[in-house]
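Please work through the exercises below with the sequence and the structure open beside the text. Each one sets a task and is followed by a solution that goes step by step.

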Amino acid sequence: MSDSHTQDVGAHHGHTELGFIRKYIFSEDHKIIGIQFLFSGLIFLFLGGALALGVRIQLAWPNKDIPVLSNLFPHSWGHKMAPEFYTMLFSMHATVMIFFVIIPWLTGAFGNFLIPLMIGARDMAFPKLNMLSYWFMWPAFIILLASFFVDGGAAGAGWTSYPLLASINLAAPNSGMGQVLWLTSLLFVGISSMMGSVNYITTIINLRATGMTLNRMPLSVWAMFITAILQAMALPVLTVALILQLLDKTINTTFFLPPGGAPFGNWHTGPGGGQPLLWQHLFWFYSHPAVYIMILPAMGMVSDIIATFCRKPLFGYKPMVYSMVGIAGLGFIVWGHHMFQSGMDPRLGTGFMLATIMIALPSAVKTFNWLGTTWGANIQYTTAMLNALAFVSMFVIGGLSGIFMAATPVDVYFHDTYFIVAHIHYVLFMSSIFGIFAAIYFWFPKMFGRLMSERLGKIHFVLTFVFANCTFFPMHIIGIGGHPRRYADPTLYKFLEPLQGLNVFMTVCAILLGLTQLIFVVNFFLSLVWGKKADRNPWHSNSLEWSAPSPPPHGNFETEPVVYRGPYEYGHPDHNEDYLPQFDPSTVGRGTPVHAH
Amino acid sequence: MTQAHHDETQPSMGLPLPHGKLAMWLFLVTEIMFFTALIGVYLLLRNGTPSLRVTKPDGTMEVIAKWPTPHEVHLIEAIGAGNTFVLICSSLTVVLAHYWLSKGDAKKATRFIGITLALGLLFLVVKAYEYNSKWQHQILPGRIGESLPGMPPERERQYHGVAELYTANVRTDLDEIIKEKPAGVSADTLALCEKLRKDMDASTVERMVKKDGQDVKSSTYQRPLSPPEVGKRVNEILEEAEKKGEHLHLAPTIPYGNMWASCYFAMTGFHALHVFGGLVVFAIFLIKGLVGKLGRQDEGAIELIGLYWHFVDIVWIFLFPLLYLV
Amino acid sequence: MQKVWAVLFGVVLALCFGLFVAAYFIPGWWLPHLANEGNWGKDVDNLFYFILWATTFFFVLTEVILVYAMFKFAGEPGRKASYTHGNHKLEIAWTIVPAAILLVIAFSQVQAWEKIKYQSRAPLPDQIIEVSARQFEWRMRYPTVKTRDDLVSNWKGDPTKANKLADRWGYDYLADFDDLHIGNEVHTWKGAQTRIYLKTRDVLHSFFLPNMRLKQDAVPGKTIPVWFQPTEANGEFKDGKWVYDKDEGGKEKVWELACAELCGWGHYKMQGHLYVHKDKASYEAWLQHALEKQNVRTREKK
Ligand code: HEA
Ligand code: HEA
Ligand code: CUA
Ligand SMILES: [Cu+2]
């Protein structure tokens, strides 16, 4: 057996001789890289949130002169929000939130920070590649931000960028340079994520500490592992799609242009021959698995947090793992549920519908297992736990609304209405973001050696929980009322008139929701400096990262960690304490140390 | 199964694979997905384009539009096959390089790396030659006329805008040819071009007709050629020129030609980029070998680049029949 | 004190639930009026309600358990949680029960979907319209009474032939010089099997009739047939004017056509109207009237 894979595990450097730049900017340390992802995600959350508030303001008071805001709009628009500006707002809102907040946070920040610590490795398998994967985000950041200032503005064809609207420069003012930059920016994000995922998979397979068998891995690690596989398989397809659209826009290829081209005013595109629907297939082949990329890591982390604060073993460890595998596997064959009304062969629709409905099954298993964990628990209501419980309850709402749309005939009516927007935000904002908040509150002490303020944290949680529901729940109602999405001005329509009041209500709540996030930021930065010092294991949790100092030094562990049991031994009857860490050598609840080969 | 030189309590939990090899396999998984998507796009588009048939007056059916054959788009199978052979050979030589390196013979290894590099370069040169001929014949995305006489009317209506664009292209190209009289183009061909250029404009033709036994001038209006007619004439001129071995800078009419060109350039282009990437690595190791720095420590790296190179080879083995033969 | 969190969750979730219930009773907050009752519109609504019941059941079940557990098992110092890693019987139960329900949901909809979208199931049309979308309007083409009769009605005895002819008119532009071209108005009559040949000149659009529960994207380069059968009228053509019926609330029954696929800055203003005449005669009167207006216009232009 070759020994080459153990030598760099042990590469144990001292941790002081690196200069500031090497240590914090071009760092190869997985923890610093994770924190870099965390900070850039936070900045982009505010950008994405600000764009969302722009969306909300236009929807509540379409074409009104709004104090302050109106002054920003040029005279040529009559000091009102132009509809093409509106399309840009929601397109970039979604792009920023998905590709620059949720995915970098979940896989970039927490994937990086947690994987080596939780499996007992000193670092990732390829620290340099890891650094590169963060620095590949920078071209994406810069291009994305630059795209707001080009002629015609940033991309405005939705985050889905369907051709021909997106692929023909003349189809919309922002389908020119803005769209080109959008495509380029996402290419960089994709390459960054691919590097990350190769690194994560290798690390998890090859760098686990002694005794860390697969079924002793915390669910966070399992989730990151499955997510990385999803990314490795799905992202190349998105890359192809992005490149093909870029070629269509720049060198006149015709992949997405139908035979005969298309006229726009007096201008006619070149000859075609391609198929607009092809983009949708490629895009959703990536983007449906991507929605699970955006939820699985959160599910994993929430499972760990819930078990910790229930002081009780996670209910059904193996089913939890299998259901994640099931979600990921099924996730590859359901992409067509975004295309039921697209003109795709309806017989395919039936197949995709069956697969989609079946994906509720592993999700059900997960939900019931979380509930099972809380049953008979001794729940400690920390801020992290509250956010994690909010994740569970909100994911149920978001998931159940998915069932309506999965039913093909019902989707005929619901497709592209606000019912979908409600679904999106329940699964993405109210699940993924709550999961991320939980994770930040939970691992903040490990990251920075200080605890976040619980008082501010709870205020932040209550207000977010209330306002988020006020903002997004009524979207179900206006969706049932038939309110189409991506409308700059719904007031033109008679059947939407009764719903306009709800639009105003949601906007007010959205603004309050946005303001609430400032509390989080205050808490985050104040705690960085003045937070209470945290010891190694402030939550009395079981997994390996809590055996390292807070924050862990370069190289993570002082001694080689050894794992004796699974990560969820809380409240063991033969043990005095109500927790029993994986690294605790006492014989209680100890399996024989398992060796891989 | 712990090793003696390891601390007894630290068995590895991982697979018996070095990180690098595992990561290379994972990287290849992403690459497989990448090319699967590209090839999938090609197959879908190709099978999704219907053959167009028209019924001739005598009742027989004629296929007027189908996916272009290699001949129509000036692909020469022999060249492609040769290139395939070149790549397969290079796959072999990279294995040999690895073999000799593992035997400790850095010199032989260097030689085989050099041969691999040379073969890869040869592949790219041949590819460049093929691209150039496409360029010469204007078989480029967005340049090719697609409507042909005989298309059903609704089809022609659909293509109207495109056809106008095409005729505009042809007009500028013809103007250029007529003005510059490029070398290697015979007078005959030039004359054909001039005639076509004239027929493309509406004109009044004056003729002498006999009226009451006397010659009188009479003018008739001659309508401009319709786009499909232009396309047909262009193809005829090109065929003539081809026979004489002349290169005319004139876009032909090929049904589905633009789609074909898009696929061809995207697929072979990305493959060529991958070849190029491999060559850069081979060049680095060649230099290392030439300055005598190549040794056993590089064995792993050579094995990995070999894996990559086999993959690039396999992709071509899929591309070649799909583009040149089927 | 810890139990207050259960109350917070309980109240917020109950309010959400309450809003859903309330919405059902507040006019204009629920599904728009269904004018496709006897046809598959009813199937869509029934399925919606069925799923609503199933999901409500699971919503209430899971959230009640969660809130109850949060209340009951709120932490007390010194207490130890029960120690269990799972329970096979429970796990099997909560896999099989949802699985059964999901299978029912899945198979109960196949029929309706086939009815809505399978071209082989398309009913023989009484009325055919070509709808061609462009940024940002709908262009409709109606056959004259005579053309339509030639194409469709006169072949009542031979459905295949009638279908073929209608398709030729829709797919291949078997245009009649007299066809009516008009913008943004869908006219048909009560009970008419209406078939629409949906096209687009430029980008994607989507033909959305909320009252018919109908939606279909228009795809460049494709012609997509769509059909519906209004089982209720919303007005009639009387004395050269369209007159709306009133609903129970005394409001005019305005039924709208919307675009449901992002098509550019004017996406929101691709508004159209649906006019379901009370009978064929009213429709034909309107058609006659519109044709005359069209011909006058073209003559005036000259
Ligand atoms: C994290 C993100 C995330 C997640 C997890 C999901 C999860 C699911 N989604 Fe969602 N979806 C999105 C993000 C996500 N989605 C986004 C962003 C879009 C819009 C894209 C766009 O167009 O812009 C979208 C759109 C979307 C559509 C397309 C609608 C349309 O455009 O017409 C559909 C249709 O089937 C769908 C279905 C589902 C289903 C069935 C699930 C399931 O996985 C849910 C399963 C979970 C449960 C069901 C709840 C828990 C289970 C129980 C309590 C057990 C009992 C339940 C039953 C027996 C019913 N989603
Ligand atoms: C992770 C994903 C995510 C998140 C977190 C959000 C968060 C929010 N979204 Fe988002 N949304 C999407 C993903 C997300 N959204 C997607 C995928 C779409 C579909 C797009 C498409 O159709 O293409 C969409 C579309 C969408 C629409 C529909 C637009 C339309 O169809 O016309 C609306 C409308 O209300 C909306 C609103 C909001 C609001 C109010 C928030 C709030 O939660 C935001 C709260 C605010 C903050 C968290 C930040 C606080 C900011 C400030 C206080 C401002 C400070 C200012 C500066 C620093 C300058 N979103
Ligand atoms: Cu047309 Cu949206
Ligand atoms: Cu999906």
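## Exercise 1: Two metals and a histidine

The iron atom of ligand 1 and the copper ion (ligand 4) are separated by 4.5 Å, in a model that is predicted.

Task: identify the only protein donor of the iron atom of ligand 1, and say in which helix A:His423 is found.

Solution. The search for protein donors around the iron atom of ligand 1 returns A:His423 alone, through its NE2 atom, at 2.1 Å. The second step is to place this residue along the chain, and A:His423 is found in helix 17 of chain A.

## Exercise 2: The iron atom of ligand 2

Task: determine which residues coordinate the iron atom of ligand 2, and classify the arrangement of its 6 donor atoms from the angles that they subtend.

Solution. Begin with the protein side, where A:His93 and A:His425 each coordinate the iron atom of ligand 2 through NE2, at 1.9 to 2.0 Å. In sequence terms, A:His93 belongs to helix 5 (residues 83-119) and A:His425 to helix 17 (residues 418-448) of chain A, so the pair ties together parts that are 332 residues apart. For the geometry, the ideal angles for six octahedral donors are 90 or 180 degrees. The 6 donor atoms around the iron atom of ligand 2 subtend angles of 88 to 178°, and the arrangement is therefore octahedral. As a last step, compare each histidine with the cut-off for burial, which is under 20% relative accessible area: A:His93 is buried because its value is 14%, and A:His425 is buried because its value is 16%.

## Exercise 3: Classifying aromatic pairs

Task: state how many aromatic pairs a search of the whole structure finds, then classify the pair A:Phe110 and A:Trp443 and the pair A:Phe309 and A:Trp539.

Solution. Over all chains, the search finds 94 aromatic pairs. A pair of aromatic rings is described by the distance of the centres and the angle of the planes.

1. For A:Phe110 and A:Trp443, the ring centres are 6.3 Å apart and the planes meet at 50°, so this pair is tilted. The two residues link distant parts of the chain, since A:Phe110 is in helix 5 and A:Trp443 in helix 17 of chain A, 333 residues apart. A:Phe110 counts as buried, at 0% relative accessibility, and A:Trp443 is likewise buried, with a relative accessible area of 0%.

2. For A:Phe309 and A:Trp539, the centres lie 5.5 Å apart and the planes are at 80°, so this pair is edge-to-face. A:Phe309 lies in helix 11 (residues 296-310) of chain A and A:Trp539 in the segment after helix 19 (500-530) of chain A, so parts that are 230 residues apart in sequence are tied together. A:Phe309 is buried at a relative accessible area of 0%, and A:Trp539 counts as buried at 12%.

## Exercise 4: Backbone exceptions

Task: locate the cis peptide bond from A:Ser550 to A:Pro551 and the one that joins C:Gln135 and C:Phe136, and say where A:Arg311 and A:His540, each with a positive phi, are placed.

Solution. As background, most residues other than glycine have a negative phi, and most peptide bonds are trans. The bond from A:Ser550 to A:Pro551 is cis, with omega near -15°, and A:Pro551 lies in the segment after helix 19 of chain A. The cis bond between C:Gln135 and C:Phe136 has an omega of about -10°, and C:Phe136 is found in the loop between strand 1 (127-134) and strand 2 (137-142) of chain C.

Turning to phi, A:Arg311 has a value near 55° and is placed in the loop between helix 11 and helix 12 (317-331) of chain A, where it is buried, with a relative accessible area of 2%. A:His540 also has phi near 55° and is placed in the segment after helix 19 of chain A, but this histidine is partly exposed, with a relative accessible area of 36%.

## Exercise 5: The overall form of chain C

Task: decide from the radius of gyration whether chain C is a compact globule or more spread out.

Solution. Chain C has 7 helices and 12 strands. Its radius of gyration is 26 Å, well over the 19 Å that the globule rule gives for 302 residues, so chain C is more spread out than a compact globule. The C-alpha trace of chain C spans about 95 × 40 × 35 Å along its principal axes, and 53% of the 302 residues count as buried.

Definitions and conventions: Residues numbered from 1 in each chain as written. Chains lettered and ligands numbered in written order. Predicted model: local features only at pLDDT ≥ 70, side-chain atom pairs only at ≥ 80, totals over all residues. Heavy atoms only, no water. Donors = N, O, S within 2.8 Å, 3.2 Å for Na, K, Ca; no water. Tetrahedral: all angles 85-135°; square planar, octahedral: opposite > 155°, others 65-115°. Helix = DSSP H or I, 4+ residues; strand = E, 2+ residues; numbered from the N terminus. Buried < 20%, exposed > 50% of the residue type's maximum accessible area, 1.4 Å probe, protein only. Phe/Tyr/Trp six-rings, centres within 6.5 Å; stacked < 30°, edge-to-face > 60°. Rg over C-alpha atoms; globule rule 2.2 N^0.38 Å.
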